[in-house]
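Here is a short tour of the fold, written to be read with the viewer open. Keep the strands in sight to begin with, and the helices and loops will follow.

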Amino acid sequence: MITMPYNTPYPLFANGRYERIPLKEIARAGSALDARLWSARLSTGLLGSTNCDSGNRGPKEYGEILLALGDEGLRKLVELGFIPCSSCRPETTDTFWDIVAAEVAEKYHLYSREDFTNKDILPYDARRVQWEEIIPHIGKAPGRLYVPQGLSQKEVAELAERFAALSLDTVPSIGFYDRETAAKFTAYDI
Ligand SMILES: [Zn+2]
């Protein structure tokens, strides 16, 4: 049985460009090339496995993820500002660090896998993502953006302005992870 999401076109970065193709074709392309498929979650700015339990818990509608194929795709996600998911820990795969080390060094001046994955050094913060490059290709923003708690009004406004400049029909709700609430998310007032 074919389920809906399998036929839904998803944004994919492969072979140097952005495309929108159905998930089943993406899976086929991946196995044909023997290339790994990576998933970047736009709300949180995290990259990881397409099978990640944590990554699959939230909404997976169009506008929530960007897929990327192979080593080139992984390097692209790092360049775009995504950092490794602490649930599926993509950095524990054999070749991960070799693939991204040069990009991480150039972008963050970090020179070890441990530093790159240390959330005290590179915290969860969707402001890091290069939205200005990604959104025109996807045409839609995620519903939420997870940024640190305790940002100033000015810092939140700066992020909101970046999205306002992208001329979208709907802009994301900007907030932070909040375990005390049912939605696990508290939005900033803008
Ligand atoms: Zn994950």
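In this predicted model, strands β3 and β5 run antiparallel and are joined by 5 bridges. One pair to look for is S39, which stands opposite L67 in β5. On the β4 side, β3 is again antiparallel to its partner, with 4 bridges joining it to β4 (residues 46-49). Here W38 has S49 of β4 as its bridge partner. The link between β3 and β4 is a hairpin with 4 residues between the strands, and G45 in that turn has a positive phi of about 75°.

How many of the residues of β3 are buried? The count is 5 of the 5 in residues 37-41, so this strand is largely enclosed by the rest of the structure. Both of its faces are covered: L37, S39 and R41 are buried on one side, and W38 and A40 are buried on the other.

**The whole sheet**

Stepping back, β3 belongs to an open sheet of 6 strands with mixed pairing, in the order β2-β1-β5-β3-β4-β6. Which strands stand at the edges? They are β2 (17-22) and β6 (83-84); each has a single partner strand, so one side of each is left without a neighbour in the sheet.

At the β2 end, β1 (residues 9-14) pairs with β2 in the antiparallel sense over 6 bridges. Within that pairing, P11 stands opposite R20 in β2. These two strands also form a hairpin, with 2 residues between them, and N15 in the turn has a positive phi of about 50°. Helix α2 (residues 23-33) lies across β1, β2, β3 and β5, and it runs at about 115° to β2.

**The core**

In soluble globular proteins, nonpolar side chains tend to be buried together. In this model, the largest nonpolar core holds 40 residues, and those touching the most other members are A40, L66, L67, A68, L77 and F82. Strand β5 (residues 65-69) gives the most to this core, with 5 residues.

L77 is a good residue to select in the viewer. What does L77 contact once its neighbours within four places in sequence are left aside? The list is W38, A40, L47, A68 and F82. Of these, W38 and A40 are on one side of β3, where both are buried.

**Two packed helices**

Two packed helices are described by the angle between their axes and the distance between the axes. For α4 (residues 70-79) and α5 (residues 96-108), the angle is about 20° and the axes are 9 Å apart. That makes α4 roughly parallel to α5. Their crossing is right-handed. On the α4 side the contact is made by D71, L74, R75, V78 and E79, and on the α5 side by I99, V100, E103, V104 and K107.

**Exposed loop residues**

The table gathers four loop residues with their C-beta neighbour counts.

| Residue | Loop | C-beta atoms within 10 Å | State |
|---|---|---|---|
| H109 | between α5 and α6 (113-116) | 8 | exposed |
| D120 | between α6 and α7 (131-138) | 6 | exposed |
| S152 | between β7 (144-146) and α8 (153-164) | 9 | exposed |
| S167 | between α8 and β8 (173-177) | 8 | exposed |

Why does S152 count as exposed? It has 9 other C-beta atoms within 10 Å, and a residue is called exposed if that number is 12 or fewer.

Backbone angles are worth a look here too. Most residues other than glycine have a negative phi, and most peptide bonds are trans. H109 has a positive phi, near 55°, although the residue is not glycine. S167 likewise is a residue other than glycine with a positive phi, near 50°.

Two distances help to place the other loop residues of the table. The C-alpha atoms of S152 and Y188 are separated by 9.7 Å, with the residues 36 apart along the chain. For D120 and R41, 79 residues apart along the chain, the C-alpha separation is 20 Å. R41 is one of the buried residues of β3, whereas D120 is exposed, with 6 other C-beta atoms within 10 Å.

Definitions and conventions. Residues numbered from 1 in each chain as written. Predicted model: local features only at pLDDT ≥ 70, side-chain atom pairs only at ≥ 80, totals over all residues. Core = buried A, V, L, I, M, F, W, Y, C linked by C-beta atoms within 7 Å. Buried ≥ 20, exposed ≤ 12 C-beta atoms within 10 Å, placed from the backbone. Contact = placed C-beta atoms within 7 Å. Pairing = 2+ DSSP bridges. Axes fitted to C-alpha atoms, helices over the stretch in contact; angles between N-to-C directions. Parallel < 35°, antiparallel > 145°, perpendicular 65-115°, else oblique. Left-handed = near helix turned anticlockwise from the far one by under 90°.
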